[in-house]
Amino acid sequence: MTDIVLPLNGLVVLEFCQYLSGPSAGLRLADLGARVIKIEHPEKGEAGRKLSIKNLWVGSDSLLFHTINRNKESFTADLKNAEELLTVKLLIKKADVLIHNFRPGVMEKIGLDYSTVKQINPSLIYAEISGYGKAGAWQSKPGQDLLLQSITGLAFASGDQDDAPVPCGVSIGDNLCGAQLVQGILAALIRRQKTGQGALVETSLMESLLDFQFELLTTYFASKQQPVRSKVSNANPLLSAPYGVYATQDGYIAIAMMNLAQLATAVDCHILHSYSQSDAFAKRDEIKEVITQHIAGNISSYWLEKLHAAGLWSMEIMDWQQLSTHEGYLCLEMEQTINVPGSDITTTRCPIKIDGNRIYSGTPAPLLGEHNQKIHEEILSEPVFTQPKL
Amino acid sequence: MKLLQDIVVLDFSQFLSGPSASLRLADMGAQVIKIEKKGTGDICRQLYVSDVMIEGESTIFHAINRNKQSYAADLKDENDLQKIKQLIAKADVMVHNFRPGVMKRLGLTYEDVKKINPQIIYGEVSGYGDEGPWKGLPGQDLLLQAISGLSWLSHNKDKKPTPTGVAVVDILTGTHLAQGLLAALYRRGTLGVGALVQVSMLESILDFQFELLTCFYNDGGQLPQRSAISNGNAYLSAPYGIYKTADGYVALAMGDIPLLGKILICNELDMFQNKDEWFTKRDEIKDILTRHLAPQTTAHWLLLLEPAGIWCSEVMNYDTLMQKDAYKLLQMEMEVRTGTGYAVKTTRCPVRIDGKILHSALGAPVLGEHNTQIEKQFSVIP
């Protein structure tokens, strides 16, 4: 670790979260310097511990859990046990931020909803994530990424016109929702510095995914027309030809927005010269078909050389094997080693640089209850089983 | 008090990544001033991307730049540059996404600006970082999707690499920038120090794939295999994906296959008792599901699935979604008005504070609309 003063040093965050949306927010706060404590059930722990992909495990927890929960601490408490709940309330009294992603009603039932908790700690930033907001017919539906992509229209933005709706193959709703929550929490902390005031910060997967589509939606509101995916090489329903991915003799290249005549000249395509710039939307499928035929006739490097020489925006499509050995990737030093006892793992670092420094942290995800004693000693200095002052 | 009340942001950035970050800061109460080139302004005003226009500018520009002010200046003109420096001296945050070298030529790098304002939070967005063979290349969303491996994760196995049809790299980069700026503002509040905050589109889109990249790093570098049928996530077992019905599409998330067979009255699924096969034989299972789900309507299937607690949903387009009460209840739509009185319907900030929606009626600015007002507010001397 470098000698930088991480911006959130000294802050204590309690994370009552599972899976990805909330925990990804906790991870970012941890990387920026906060002390993030996962509050977990003494036997079951966070559900994400047992959720694996490709059956990859690190000790008794999934690699996935390790990826999302590195650089955090774990404190166990059974929130249905009155005494343990009191301990948690003592922790809350000392915390700066609380995050949870339970379904609506759960925290109310436990007695840790915002209106109760702010009696214990009025300057707390209380942040919560729901699937669909906290009212209405959908509030109790599962807040799961694919379902939210499906409901919000996002699946109709990718793939070609004749394809079924194509979801994004990464948990985009969870990721964005976590990112929005972090922004709200940080802004609330800034206000607290000036006024001492706490805050309730709420977002949902649904609002986050609608916000994500704000360009498409604003265009839809103005035109009253559904976005239309192009028939050929769709890469964004709002954009005209040539925007898309094209197969070459030995791979694929992406061609972004550019003037059609310049493209025609750069790749020496006669037919393309017969289209004017005003055809770029109206005839985009036809134009993209012409480009498809033309680009198929040579290898990727041949085209990229011509396009780059003309200053046109294009790149090769790469997979991770190609990318991870490329100098453009290696110079970012994006990978870091996490020191899990017995088996180090490699993962990515925080994407934000502060004062010219990259932020690394080799601290692994916690074992269940690993920091119980430490937290008792360091934070819970008052007797454990007394009623917190209201 | 608004969360970011009295915080002044000078936004030199164009297009989407930087401006989406400053939009969020504006939503939370900051005063965001776009510093734009005289005559042309943010290229996004001119760049003819959407074929739907509002007052001669793309709908996209209006969506991204509502709730901001515009100050037009020619940074190559010494007089204008002096005025900008006066603004910088009084600003809390400045943001730019010029290519590496541009700010150096203008004398507005972090090192330069620190001398005018040591406490400033200076945000910088690049495409590929500030070193390496790609540093001078255009940081454009589709190109970053192309090189980052992202396009190998969506759509079915036999399909070309498929980009996400929304500018996912720009948006994520914007969120990371906003996070860095806000964290640095918080530190300034405790320690009184300024900060340089840098993000790049490449790092942001790698971060987005962190769960899957971590698999790749630790399983000997195996590439993702998209499923042949209804790929929803290359790493997940059947039934995860979207299926055609008689009148639309239904999405099925994670679920127990034999149980799903029972609920859907699909006996063929009974044979998959071994959980491992839900992944190893996912295309076989998905093929059975595809055939089984096709003849009946979405409503028919949801009526069976939802009461049984199966994670499922109708797949909606905007027309369908906007008819739903649950959508209307979110009050996600907001009307803003431009300086010339034109009304634009757009979406609001997805975060609520203290139980309240963050609402601002201010539309995107006309180029240079606020020059006089800003010079007065900050007592700029010509």
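Which strand of chain B do 2 bridges join to strand β14 (residues 353-354) of chain A? The answer is β8 (residues 195-200), and the two strands run antiparallel. The views below start from the whole chains and come back to that spot. This is a predicted model, where local features need pLDDT of at least 70, side-chain atom pairs count only at pLDDT 80 or more, and totals for chains, interfaces and linings use all residues. Residues are numbered from 1 along each chain as its sequence is written, while chains are lettered from A and ligands numbered from 1 in the order in which they are written.

**View 1. The two chains, overall.**
Chain A has 16 helices and 14 strands, and chain B comes to 17 helices and 15 strands. Helices (H or I, at least four residues) and strands (E, at least two) are DSSP runs, numbered from the N terminus. The C-alpha trace of chain A spans about 85 × 50 × 45 Å along its principal axes; for chain B that reads about 80 × 50 × 40 Å. Of the 390 residues in chain A, 55% are buried, and 55% of the 382 residues of chain B count as buried too. Buried here takes 20 or more other C-beta atoms within 10 Å of a residue's own; 12 or fewer makes it exposed, anything in between partly exposed, with C-beta atoms placed from the backbone.

**View 2. Two domains in each chain.**
Chain A splits into domain 1 (12-212 + 333-378) and domain 2 (244-324), with C-alpha centres 41 Å apart. For chain B, domain 1 is 8-208 + 330-377 and domain 2 is 241-321, and here the C-alpha centres lie 42 Å apart. These bounds come from an automatic or database domain assignment.

**View 3. Where chain A meets chain B.**
The contact takes 117 residues from chain A and 112 residues from chain B. Two residues are in contact if their C-beta atoms, placed from the backbone, lie within 7 Å. On the chain A side, helix α7 (residues 172-195) gives the largest share, 15 residues. That side divides into 71 nonpolar, 32 polar and 14 charged residues. Nonpolar covers Ala, Val, Leu, Ile, Met, Phe, Trp, Tyr, Cys and Pro; charged covers Asp, Glu, Lys and Arg; the others, Gly among them, go down as polar.

**View 4. A sheet with strands from both chains.**
Back to β14(A): it sits in an open sheet of 7 strands, in the order β14(A)-β8(B)-β7(B)-β6(B)-β1(B)-β2(B)-β5(B), with mixed pairing. Strands pair if DSSP finds at least two bridges between them. The edge strands, each pairing on one side only, are β14 of chain A and β5 (69-73) of chain B. At the join between the chains, A:K353 stands opposite B:Q198. Further along, β1 (residues 8-11) and β2 (residues 31-37) of chain B pair in the parallel sense over 4 bridges, and the bridge partner of B:L10 is B:I33.

**View 5. Helices on that sheet.**
Helix α1 (residues 17-27) of chain B packs on the sheet, touching β1, β2, β6 (93-96) and β7 (121-126) of chain B, and its direction makes about 165° with that of β1(B). Helix α8 (residues 168-191) of chain B lies across β14 of chain A together with β6, β7 and β8 of chain B, at about 165° to β8(B). Axes are lines fitted to C-alpha atoms, for helices over the stretch in contact, and angles run from 0 to 180 degrees between N-to-C directions.

**View 6. Strand β10 of chain B and its partners.**
Strands β9 (residues 241-244) and β10 of chain B run antiparallel, joined by 4 bridges, and form a hairpin with 4 residues between them. B:G241 has B:L252 as its bridge partner. Strand β10(B) is also joined to β11 (residues 312-314) by 3 bridges, again antiparallel, with B:V250 partnered by B:E314. From β10 (residues 249-252), B:Y249 and B:A251 point one way and B:V250 and B:L252 the other, and all are buried. In a regular strand the side chains alternate between the two faces of the sheet.

**View 7. The buried face of helix α11 in chain B.**
In α11 (residues 257-264), B:I257, B:L260, B:G261 and B:L264 are buried. Seen down the axis of α11(B), these buried residues fall within an arc of 105°, so they line one face of the helix. The arc is that of the directions from the helix axis to the C-beta atoms. The buried residues of α11(B) pack against α12 (277-280), α13 (282-293) and α14 (298-305) of chain B. After α11(B) comes B:I265, with a positive phi near 55°.
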